Amino acid sequence: MSKSVLFLIIFAMTSGFSLAGHASTVYLGLGGSVNSSRSVDGNIETALTPSGMVGYQYENYFVYLSHFQRTQSSNEGLLNIEASWTETQVWAHYLGSEYYNIRPFIGLGLGLYEITSDTTVSNATTRNQSGLRPIGGGSFGLLTSWQFLFASVDVQIEMAEDYQSQPSLSSNFYFGFNF
């Protein structure tokens with residue numbers, strides 16, 4: 001976690017942080033991403049991948065940083081393939097009007113991802129890395145909070161160079177603390 005994010009969290013917790021009299025909120029959460037992708041053996045798999053987020057809300061604007069890593073493997077006799085996907089994105093959302101403590105939102109996200117694969121045949125291993133590549137998308141969802149707790153769920157439509165299907169659809173959820 002960067003020093004500026006850590007400073008923002010500590011400052012918000014200790015000072016009842018607000019800008020020009022407007023309420024602002026810091027979010028820390030854990031959750032998951034549910035998406036379908038082509039596995040290393042060619043089949044379509046739907047998987048739940050744990051993820052984490054840190055976010056900040058100022059009035060109707062909600063920005064958060066999300067990160068996750070997913071790993072898949074396949075073993076067929078002397079052939080073993082392991083692939084990992086790491087993704088970090090910043091999402092900016094506009095929050096709609098609150099209705100029964102639930103706020104709808106819509107937004108855009110940009111970030112970077114990297115794919116690493118290890119292929120082993122007999123005892124020889126080859127590693128391939130994609131390097132950091134851009135990813136972007138749009139999302140819509142719902143956010144609710146109660147005192148120091150929050151929950152959010154969204155649907156994301158993303159595009160990236162190495163995605164098997166364009167665009168790719170996923171659903172995400174987070175639970176955590178806000179202050």
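How many bridges join strand β8 (residues 133-146) and strand β9 (residues 149-160), and in which sense do the two strands pair? In this predicted model, β8 and β9 pair in the antiparallel sense, and the pairing extends over 12 bridges. Within this pairing, S139 has Q156 of β9 as its bridge partner. The hairpin formed by β8 and β9 has two residues between the strands, and in this hairpin Q147 takes a positive phi near 45°. On the other side of the description, strand β9 also pairs with strand β10 (residues 168-178), again in the antiparallel sense, over 10 bridges. Here V155 finds its bridge partner in β10, namely S171.

Positive phi values also occur in loops. Most residues other than glycine have a negative phi. E59, although not a glycine, has a positive phi of about 55°, and its place is in the loop between β3 and β4 (61-76). Because its relative accessibility is 32%, E59 counts as partly exposed. Y100 is likewise not a glycine and has a positive phi of about 55°; this residue is located in the loop between β5 (79-95) and β6 (102-121). With a relative accessibility of 71%, Y100 counts as exposed.

A contrasting environment is found for T49, which is placed in strand β3 (residues 44-58). Its relative accessibility is 3%, and since buried means under 20%, T49 counts as buried. When neighbours within four places in sequence are left aside, T49 is in contact with G31, G32 and S33, and also with F68, Q69 and R70.

Attention then turns to the nonpolar side chains. In soluble globular proteins, nonpolar side chains tend to be buried together. The largest nonpolar core of the model comprises 10 residues in all, namely Y27, M53, F62, Y64, W91, L95, F105, L143, F150 and Y174. The elements that give two or more residues to this core are β4 and β5. Another core, of five residues, lies apart from it and has F68, Y113, I135 and A160 among its members. F105, a member of the largest core, touches H93, Y94 and L95, a run of residues from S139 to L143 that consists of S139, F140, G141, L142 and L143, and in addition V153 and D154, residues up to four places away in sequence not being counted.

The structure holds eight aromatic pairs. One of them is formed by Y27 and F62, which are arranged edge-to-face, with 4.9 Å centre to centre and 65° between the planes. This pair links distant parts of the chain, for Y27 lies in strand β2 (residues 22-38) and F62 in strand β4, and the two residues are 35 residues apart. Both Y27 and F62 are buried. A further edge-to-face pair is formed by Y64 and Y174, with 5.9 Å centre to centre and 70° between the planes. Because Y64 lies in strand β4 and Y174 in strand β10, this pair ties together parts that are 110 residues apart in sequence. Both Y64 and Y174 are buried. Together with F150, the residues Y27, F62, Y64 and Y174 form one aromatic cluster, and each of these five residues is also listed in the largest nonpolar core.

Technical notes
Residues numbered from 1 in each chain as written. Predicted model: local features only at pLDDT ≥ 70, side-chain atom pairs only at ≥ 80, totals over all residues. Heavy atoms only, no water. Helix = DSSP H or I, 4+ residues; strand = E, 2+ residues; numbered from the N terminus. Buried < 20%, exposed > 50% of the residue type's maximum accessible area, 1.4 Å probe, protein only. Contact = heavy atoms within 4.5 Å. Pairing = 2+ DSSP bridges. Core = buried A, V, L, I, M, F, W, Y, C linked by side-chain atoms within 4.5 Å. Phe/Tyr/Trp six-rings, centres within 6.5 Å; stacked < 30°, edge-to-face > 60°.
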